[in-house]
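Student: I'd like to learn how to read salt bridges and burial in a model. Could you walk me through it?

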Amino acid sequence: MRTAGKRHQGGLALCGLALFLPWLTGSGVAPADAADWSTCKYFSQLPDDCAGAEQRKYDNLRNYRYEEIDLFARDALKKVLYVSVYNTTGQNDPDESRDSAPKSLTDKLDPRQIARQYQAIAVATSPPRYWTVDWLADRVGAVRNFDGLDAAWMGNGLAPATRISAKPAPAAYRSTLVSRTAVEGFKKGSAVYLLDDPKGRTWVMISYTTKDDPEMTIDQLGALGDVLKPPQGWKFRTAALSKELILEPKGGFAALTQDDKGDVYGLTGPGQSNFVP
């Protein structure tokens with residue numbers, strides 16, 4: 001079987017969330033397919049890790065480091081491409097360092113080797129990311145080992161062929177649909193980092209990455225407006241929440257975007273969150 005690997009090309013599949021972002025980058029898949037996206041049962045050579053998944057909540061996630069690994073396969077019965085998403089949150093951290101993706105382990109990840117191990121047609125790994133949400137609840141399944149790095153199953157979903165393309169479409173400032181059962185929250189008083197788009201919609205940052213700026217910290221996110229280069233009509237801003245913000249997609253899918261540094265944002269508003277910050 002032909003296998004392919006992409007190092008640090010996991011993209012939006014973080015956000016997710018990831019601990020649990022059962023994400024699938026859904027560009028090219030219509031919202032009407034959302035019911036199919038939420039079905040975790042697929043038939044392929046990949047492990048059936050949706051079986052036995054249980055609801056779990058994770059608190060104190062803000063600035064917690066994680067990485068995501070996506071395994072791609074074709075369902076032999078449904079004749080569709082799908083992705084199984086694994087996330088390191090809650091793993092690889094015996095000393096409670098708040099780092100579930102230690103550099104000593106993530107540097108060893110070999111997507112081609114992982115593809116051979118799990119008989120995937122392709123594997124994509126995200127850059128290490130840091131949560132900006134305070135808590136998250138979702139289904140969590142079996143834990144698998146990837147070149148020494150443990151990661152838990154966080155969901156299955158349909159995937160467009162572009163996800164395994166040698167030249168995937170740029171993700172920055174593009175709206176992408178994501179299969180999602182996770183509920184994420186920001187506590188009252190938390191600082192949030194926002195993008196307002198030309199259509200009047202507001203997006204809230206779910207996670208940030210240091211892949212382009214190794215010195216970036218969560219305390220510096222408020223100054224992103226000075227370094228981002230968004231298209232005309234997009235604007236970055238910050239806010240302090242006057243009440244808890246909860247992201248809870250009602251239709252089985254969420255809209256996500258990225259900025260030009262690779263940070264991931266979720267859409268707020270009707271059907272996506274309890275209010276718009």
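Tutor: Sure, let's start with a pair: Glu184 and Arg180 are both buried. Keep in mind that this is a predicted model.

Student: How far apart, N to O, are Glu184 and Arg180 in their salt bridge?

Tutor: The general idea is that a Lys or Arg side-chain nitrogen has to sit within 4 Å of a carboxyl oxygen of Asp or Glu. Here the N to O distance between the side chains of Glu184 and Arg180 is 1.5 Å.

Student: How many salt bridges turn up in the whole structure?

Tutor: The search gives 11. One of them joins Asp197 to Arg201, with 2.7 Å between the closest N and O atoms.

Student: Is Asp197 buried or exposed?

Tutor: The cut-off for buried is under 20% relative accessible area. Asp197 counts as buried because its relative accessible area is 5%. Its partner Arg201 is partly exposed, because its value is 28%.

Student: What about Lys57, which residue does it pair with?

Tutor: Lys57 makes a salt bridge with Asp59, and their closest N and O atoms lie 3.6 Å apart. Lys57 has a relative accessible area of 48%, so we call it partly exposed.

Student: And zooming out, what share of the protein's residues is buried?

Tutor: Of the 277 residues, 56% are buried. The protein exposes about 11700 Å², and 49% of that comes from carbon and sulfur atoms.

Student: Which secondary structure elements does the protein have?

Tutor: You'll find 3 helices and 18 strands.

Note on methods
Residues numbered from 1 in each chain as written. Predicted model: local features only at pLDDT ≥ 70, side-chain atom pairs only at ≥ 80, totals over all residues. Heavy atoms only, no water. Helix = DSSP H or I, 4+ residues; strand = E, 2+ residues; numbered from the N terminus. Buried < 20%, exposed > 50% of the residue type's maximum accessible area, 1.4 Å probe, protein only. Areas by Shrake-Rupley, 256 points an atom, 1.4 Å probe, with all protein chains shown as cover.
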